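Work through the exercises below with the sequence and the 3D view open. Try each task before reading its solution.

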Amino acid sequence: MSRYLTRSFRAIEHRFTIELDNPSVGLYLDDIFEGLIDAREREAGESDRYRLVSVIGPETTQYRLDWCGMHLATCAELELAVQYLLWHINQLAVKESQKHLLIHAAGLERAGKGILLPAPQEAGKTTLSAALVQRGFGYLTDEAVAIRVADQRALAYPKPLSVDRGSWCLLRNLEPEIPPELLRLHGEQWQVPPQRIRTDAIVASTAVHYIVSPQYIAGSPTKLLRLSRAEALRLLAENSFNFHRFPSGLKLLADVVRLASCYRLTMGSLTVACELMEEVMTEDRGDDGYRRA
Amino acid sequence: MMATDVLDDPQPEVVIDGDFVPLRSRSVESVELDGQAVLYIERSNTMHVLNPTATVVWSCLDGRGTIDEIASDISAVFESDPLTVRMDVLSVVRDFAADGLLIGFEPFDLERLGPNTPTTGTDEGSEPSPPRILGTPPET
């Protein structure tokens, strides 16, 4: 049985490697997690070890996933096991961080100015982020932003962008190029490494200058409306993974919001949404404070 | 003193009128952004965003003045009609009390006041929310 050990990765405070018996899948994971390579890689002994191996039975093959020696799942399909692995990594990324206030948000950057996009799942964060990175925005994350207490900067979690099937037609040029035998790993999501969109896409950290909460509503006019900083603070708290147990969380979020321009973005058109975001960065607003399209 | 004496001697009802001296609950954290206060109650994990009027009133609830005195001060500073301001201040303070934001009106005290305690709030208030998760694991 061949053995493949991936590089060491870091998802906020969750450090991990993955051991597999399938080198093709190992190479795939090394590729999609390239943005998470741990700078302290040689201290791999401190990393959690995932293990994904095939279990060959008399009639079928199953795929077993373990974490630190504990059984997580056994799946009939390899793609399900990989999806479970990706889900588990995400969970521990937000669970294991005790030092930072974590927001369920995408994070982008332009000309040194950071943008938080807090929103629940299926709101369009990833689709909007992918399109804006294509337009030259820097990428911190499409999932979870860590706010550092000392200086309120947003820290990157540059995981691969998880593009849902419903957005594939809008981002066709981001379709991953992977060997035919691994196409089934796509499932209902592409995993797009940010460097695949642009080699210099990843930004390590940024000061927050804008808070924009996106919401995709099919067929609706695309508009950007001003949000009070007080409401933006509530929005960040409601979209936080650990606000309710984070010391001085209210003050920290207030410090983040205090110098930010805050908006709600209702999206019916991705192109128009991107144009509005670019205009926000240049503060080209009308007197009524919002634009429609 | 017999047990029945206690049952026959109900706690006095607190009346919020012009003579009442309101004091912010110490368990309420607050910050102010652009004239709007954001209040956070950790025990219930709820958050309130106050409008500018309620924010001004909230800032005055330091336990030193009666509602009538607070209303008089606000009326003078903003050059507003004293009767209207008094009504607004009374309304807002009663809302704060109903939401458990004042000393003497926190949840363990609300039981003492009985079922007729007004329940209108300064805003809808955010419901306590469960810890956020990133989706659910794939079915295996």
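The exercises that follow concern a predicted model.

**Exercise 1. Chain B in outline**

Task: State how many helices and strands chain B has, and in which pattern they follow each other.

Solution:
- Step 1. Count the elements. Chain B holds 5 helices and 3 strands.
- Step 2. Read along the sequence. The pattern is α-β-β-β-α-α-α-α.
- Step 3. Turn to burial. Chain B has 140 residues, and 40% of them count as buried.
- Step 4. Look at the surface. Chain B exposes about 8,400 Å², with 53% supplied by carbon and sulfur atoms.
- Step 5. Check the contacts. Take those in chain B with a separation of 6 or more: 59% of them come from residues 24 or more positions apart.

**Exercise 2. A charged patch**

Task: Find which residues gather in a patch of negative charge on the surface of chain B.

Solution:
- Step 1. Name the members. They are B:D17, B:D19, B:E69 and B:D73.
- Step 2. Place one of them. B:D17 sits in the loop between helix 1 (3-7) and strand 1 (28-33) of chain B.
- Step 3. Test B:D17 against the patch rule. Patch residues need over 30% relative accessible area. B:D17 has 31% relative accessibility and counts as partly exposed.

**Exercise 3. Three salt bridges in chain A**

Task: For A:D66, A:R135 and A:D255, find the salt-bridge partner of each.

Solution:
- Step 1. Recall the principle. Side chains of opposite charge can pair when their charged atoms come close.
- Step 2. Apply the cut-off. A side-chain nitrogen of Lys or Arg must lie within 4 Å of a carboxyl oxygen of Asp or Glu.
- Step 3. Start with A:D66. Its partner is A:R64, at 3.0 Å from N to O. A:D66 is buried, with a relative accessible area of 9%. A:R64 is partly exposed, at 31%.
- Step 4. Go on to A:R135. It meets A:E278 at 2.9 Å, N to O. A:R135 lies in the loop between helix 3 (125-134) and strand 9 (138-141) of chain A, and A:E278 lies in helix 7 (residues 270-281), so this pair ties together parts 143 residues apart in sequence. Both ends are partly exposed: A:R135 has 33% relative accessible area, and A:E278 has 24%.
- Step 5. Finish with A:D255. Its side chain meets that of A:R258 at 3.9 Å, N to O. The two residues are 3 apart in helix 6 (residues 249-258) of chain A, so about one helical turn separates them. A:D255 is partly exposed at 23%, and A:R258 is partly exposed at 36%.
- Step 6. Look for shared partners. Salt bridges join A:R3, A:E19, A:R49 and A:R51 into one network.
- Step 7. Take the total. Over all chains, the count is 21 salt bridges.

**Exercise 4. Two residues of chain A**

Task: Decide whether A:S213 and A:L236 are buried or exposed, and list what they touch beyond four places in sequence.

Solution:
- Step 1. Use the cut-off. Buried means under 20% relative accessible area.
- Step 2. Judge A:S213. It is in strand 15 (residues 208-216) of chain A. Its relative accessible area is 9%, so A:S213 is buried.
- Step 3. List its contacts. A:S213 touches A:P118, A:A119, A:L235, A:Y263, A:R264 and A:L265.
- Step 4. Judge A:L236. It belongs to helix 5 (residues 229-238) of chain A. Its relative accessibility is 1%, so A:L236 is buried.
- Step 5. List its contacts. A:L236 meets A:I103, A:L116, A:P118, A:I211, A:L253, A:V256 and A:V257.
- Step 6. Add a distance. The C-alpha atoms of A:L236 and A:H88 are 24 Å apart, and the two residues are 148 residues apart along the chain.

**Exercise 5. Positive phi**

Task: Say where A:Q152 and B:D34 lie, and what phi each has.

Solution:
- Step 1. Take A:Q152. Its phi is positive, about 60°, although A:Q152 is not a glycine.
- Step 2. Place A:Q152. It lies in the loop between strand 10 (144-147) and strand 11 (154-155) of chain A. A:Q152 is partly exposed, at 25% relative accessible area.
- Step 3. Take B:D34. Its phi is near 55°, again a positive value in a residue other than glycine.
- Step 4. Place B:D34. It is in the loop between strand 1 and strand 2 (36-41) of chain B. With 57% relative accessible area, B:D34 is exposed.

Key: Residues numbered from 1 in each chain as written. Chains lettered and ligands numbered in written order. Predicted model: local features only at pLDDT ≥ 70, side-chain atom pairs only at ≥ 80, totals over all residues. Heavy atoms only, no water. Patch = residues over 30% accessible without salt bridge, like charges linked within 9 Å, V, L, I, M, F, W, Y side chains within 5 Å. Areas by Shrake-Rupley, 256 points an atom, 1.4 Å probe, with all protein chains shown as cover. Lys, Arg positive; Asp, Glu negative; His and termini not counted. Charge placed at Lys NZ, Arg CZ, Asp CG, Glu CD. Helix = DSSP H or I, 4+ residues; strand = E, 2+ residues; numbered from the N terminus. Buried < 20%, exposed > 50% of the residue type's maximum accessible area, 1.4 Å probe, protein only. Contact = heavy atoms within 4.5 Å.
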